[in-house]
Amino acid sequence: MIDKALEIMRQGTRFLVACHRRPDADSLGSALGLIRTLRAIGKEATLFMPESIPDSLLFLLEGEKGVAEVDADARFDATFVMDIAAKALIPPRFPDSEITGPVVVIDHHHAHDDVGDIVVRDTSAAATGEVVVRLIDALGLESIPAGAATPIYAAIVSDTGGFRYSTTSPATLRLGARLLDEGVDPWQVAQQLFESWEPARLRLLSAILATYESAFDGRVAIMRVTREMLAICGANDDMVEGMVNYARRVQGAEIGALLWEWEVRDDAGSHIETKISLRSSGSADVSVIAAALNGGGHRAAAATQLRVSIDEGEKLLHAELAKYLAHRSPAGDA
Ligand SMILES: [Mn+2]
C-alpha cells in the first residue's frame, strides 16, 4: 500500500494530517514530520488538532498552527492519520469522508480492526516516525525535509523508551544517527520529553509509588492512582502517562500494573470507571490479560477500562492474573 500512498501524495495538493486520540510523541512527531515533508514537495498540509497537546510535546510544534475544527466546505485530497491501530482511536470531531477524502493510515502497530481506506502499516518499525522516513526515501528526497528531523527523532526516542525497547533495531539506530546528522539536538529532545516535569507530577509519582504492592510472590507489581491523589498533588490525568513503567522495573516482577480511577463525563454528569494499564518486563504477554478484561494492546503494553470501582477492578485483575500465571513457571518460559 505504500505505492498507493505515494501516488496520493504526488497527485494531490491539499492534505489534512491527524494524530490518534490523546496524541503522544510518536503520533504528533510523525504527523509533523509528514506535514513538513508534504510542504517540501510543494503541497499544502494542515494539522488537525482537536485536543490539547501535552506540554512536553509543545516544543515540536515550532509555530505550527493546527486546526481544532475543519470548515464544512473544506475539501482535502486525502487525510493522513498517524500511529493508529483501531477505529476507537480516531480523534474527536474527525470530519466526514466528503471533507477528508480517502483516509490514509500510517502506522506500525498490529491492527485491531480495518481502520483507514489505505493503510501503510510496517510492524517492523519501532515507531510511526520510522515509517515516515520510509515515505521520505521512497519519494526520492535527498535529505530529511527542513523541520521534519526533530519531530521524527522525538517520535522514535519516545516509542523506543530512549532506544531501549526490544523494538530498537540496527535500522532504528542508524536512523537515529542520520537524524543527528541532520542537526537534531538529542539532549534538547530528551529534556523536553522526559526531563521537564512540573512539580505536581513529581508529587504524583511519589504518591503512586507509595501505593506499590507486591502480588503473586513478587511476580506482579501493582500500583494505583485515585482522583483524591490527583487532587491532593494538584496533578492531572496527563501526568499519569508512563507511571505504570515504574512497576515494571521492580526486580522479579514479570508484570507491572497500574489501576487508575478515571472520570467519565457524559450527558448524565460524571462517573468513575477504572483503567488498568499493564506492562511486561519480558516474556509475559499482557495483551492476553487485557483481552480477558475486554481491553487490548501488545505483548509488552496493554490496557483496559472497566465500569467498576478501583477496588472491584483490582479484584477482577487479580482473578485474571491468577489464571494467567498458573500456566507459567516463575522463570517465565511457559
Ligand atoms: Mn507509535
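The exercises below, each with a worked solution, concern a predicted model.

**Exercise 1. The manganese site**

Identify which residues coordinate the manganese ion, and work out what parts of the chain D26 and D83 tie together.

*Solution.* Begin with the donors: the manganese ion is coordinated by D26 (OD), D83 (OD), H108 (NE2) and D159 (OD), at 2.1 to 2.3 Å. Along the chain, these donors follow the spacing D-x56-D-x24-H-x50-D. Next, place two of them in the secondary structure: D26 lies in helix α2 (residues 25-40), while D83 lies in the loop between β3 (78-82) and α3 (97-100), so the pair ties together parts that are 57 residues apart in sequence. Finally, look at their surroundings, where D26 and D83 are both buried.

**Exercise 2. Two residues with positive phi**

For D83 and N294, which are not glycines, state the phi value and decide whether each residue is buried or exposed.

*Solution.* Take D83 first, whose phi is near 70 degrees, a positive value in a residue other than glycine. D83 has a relative accessible area of 3%, and because buried means under 20%, this residue falls in the buried class. Turn then to N294, which is not a glycine either but has a positive phi of about 65 degrees, and which sits in the loop between α11 (286-292) and β10 (296-297). The relative accessibility of N294 is 72%, so N294 counts as exposed, the cut-off for that class being over 50%.

**Exercise 3. The packing of α2 against α4**

Describe how α2 and α4 cross, and list the residues that make the contact.

*Solution.* The axes of α2 and α4 come within 8 Å and cross at roughly 15 degrees. Because angles under 35 degrees count as roughly parallel, α2 is roughly parallel to α4. In handedness, α2 passes α4 in a right-handed crossing. On the side of α2 the contact is made by D26, S30, G33, L34 and T37, and on the side of α4 by T128, G129, V132, L135 and I136. Sorted by class, the residues of this contact divide into four nonpolar, five polar and one charged. D26, named here as a contact residue of α2, is also a ligand of the manganese ion.

**Exercise 4. The surroundings of α4**

Determine how far helix α4 is enclosed, and how α4 packs on α6.

*Solution.* Start with burial: eight of the 11 residues of helix α4 (residues 128-138) are buried, so this helix is largely enclosed by the rest of the structure. The buried residues are T128, G129, E130, V131, V132, V133, L135 and I136. Just after α4, G140 takes a positive phi of about 85 degrees.

Then consider the partner helix: α4 and helix α6 (residues 170-181) pack at an angle of about 70 degrees, with their axes 11 Å apart. That angle makes α4 roughly perpendicular to α6, and the crossing is left-handed. In this contact E130, V133 and D137 of α4 meet A171, T172, L175 and R178 of α6, which gives, by class, three nonpolar, one polar and three charged residues.

**Exercise 5. The surroundings of α5**

Establish how many residues of α5 are buried, what covers them, and how α5 meets α7.

*Solution.* Of the 11 residues of α5, 10 are buried, so the helix is largely enclosed by the rest of the structure. Among the buried residues is D159, another ligand of the manganese ion. The cover over the buried residues of α5 includes α2, α4, α6 and α7. Just after α5, G161 takes a positive phi of about 60 degrees.

For the last of these helices, the axes of α5 (residues 149-159) and α7 (residues 186-194) come within 10 Å and cross at roughly 55 degrees, and the two are therefore oblique to each other. The crossing of α5 past α7 is right-handed. T150, Y153, A154, V157 and S158 in α5 meet P186, V189, L193 and F194 in α7, and by class this contact has seven nonpolar, two polar and no charged residues.

**Exercise 6. The setting of N245**

Work out whether N245 is buried or exposed, and which residues N245 touches.

*Solution.* N245 is found in helix α10 (residues 244-248). At 19% relative accessibility N245 counts as buried, since the cut-off is under 20%. Leaving aside residues up to four places away in sequence, N245 touches Y165 and R279. N245 and S281, which are 36 residues apart in sequence, are 9.2 Å apart in space, C-alpha to C-alpha.

Terms used:
Residues numbered from 1 in each chain as written. Predicted model: local features only at pLDDT ≥ 70, side-chain atom pairs only at ≥ 80, totals over all residues. Heavy atoms only, no water. Donors = N, O, S within 2.8 Å, 3.2 Å for Na, K, Ca; no water. Helix = DSSP H or I, 4+ residues; strand = E, 2+ residues; numbered from the N terminus. Buried < 20%, exposed > 50% of the residue type's maximum accessible area, 1.4 Å probe, protein only. Axes fitted to C-alpha atoms, helices over the stretch in contact; angles between N-to-C directions. Parallel < 35°, antiparallel > 145°, perpendicular 65-115°, else oblique. Left-handed = near helix turned anticlockwise from the far one by under 90°. Contact = heavy atoms within 4.5 Å. Nonpolar A, V, L, I, M, F, W, Y, C, P; charged D, E, K, R; others polar.
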